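Please open the model in a viewer and keep the sequence at hand. The tour below proceeds selection by selection.

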Amino acid sequence: MQWQRTVSPEQNFLTIPEWEEQGVTAVFSTRIGGLSKPPYASLNLAFHVGDNPGDVLGNRKRFLSGFGYSLEDCVAAEQVHGTQVRFINEASKGLGMSTMETALPGCDGMLTCDNTALMCFFADCVPLYFFEPNSGIIGLAHAGWRGTVHHIAREMLTSIKKAGGDPDTCLVAIGPCIGPCCYTVGENVVSLLKEEINDRSSLPTVLTEYGQGTYTLDLAAANRILLTQEGIRPENITTAYLCTSCHSEDFFSYRREGITGRMAAFIAKK
Ligand SMILES: [Zn+2]
């Protein structure tokens, strides 16, 4: 189970072929191949960052058509760095896709059992993809440092369990996000994270102190630990290990660029 890059004149994104074989399309976009002008050049997929809405709409259509989907298949949420998770069904299809006014309000995690496609937007934060094959539940979560320390991973698994899914068989994929090479945080974030991580011996894999009160944080590793605490098997987690801040030609990075575009995470059942 691994992320794989697809590059062609019409496509430039990452997918998980093993999930595809099991009927689940999971995609993470790059910044390549869109209509937007700097600082959003060029495949910016989010309305809220100040880009020309017509360009964003064109980019979304172009991105989705690259793997056979349209705006009417998908739902997008207004992400607020919170931990609210919602179960979505076909009645919500199209919300947040042509305009941000209709996005699901205040929601950073979405799950579905049917063929509704889910989309979230990222520039450094951690995209978490969920697929529980037995129940057929799929989901997406947006985990920046706030979502991580407030444990959106647990909220997702609580909702998956409530809907009949089993953490023991649940697969999780972690998409490109800012790496420990480029991400520094202060004591406030560190102390919140320490409260959530039960096994203190795993802390050095997540945090490295390099100055007084300053640490590098590996957000993907923190989410892996928090996911395994909730019953996900380590071998069922796949990580892209691509830093959005290091790879400026491929990805937007909020830390690196400030005003910039957003990539999209996408998941859908066929
Ligand atoms: Zn980096």
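Begin with the hairpin that β8 and β9 form, with 4 residues between them; in its turn, G136 has a positive phi of about 75°. Strands here are DSSP runs of E of at least two residues, and helices are runs of H or I of at least four, numbered from the N terminus. The model is predicted, so local features need pLDDT of at least 70 and side-chain atom pairs count only at pLDDT 80 or more, while totals for chains, interfaces and linings use all residues. Residues are numbered from 1 along each chain as its sequence is written, and side-chain values use heavy atoms, leaving out hydrogens and water.

Next, select residues 126-132, strand β8. All 7 of its 7 residues are buried (under 20% relative accessible area, 1.4 Å probe, protein chains only), so the strand is largely enclosed by the rest of the structure. V126, L128, F130 and E132 point one way from β8, and P127, Y129 and F131 the other way.

Then add the neighbouring strands; two strands pair if DSSP finds at least two bridges between them. β9 (residues 137-143) runs antiparallel to β8 and is joined to it by 7 bridges, with F131 opposite I138. β10 (residues 171-174) is also antiparallel to β8, through 4 bridges; there, L128 has I174 as its bridge partner.

Now select L128 alone. Its contacts (heavy atoms within 4.5 Å) include G139, L140, A173 and L227, not counting residues up to four places away in sequence.

Note on methods
Buried < 20%, exposed > 50% of the residue type's maximum accessible area, 1.4 Å probe, protein only.
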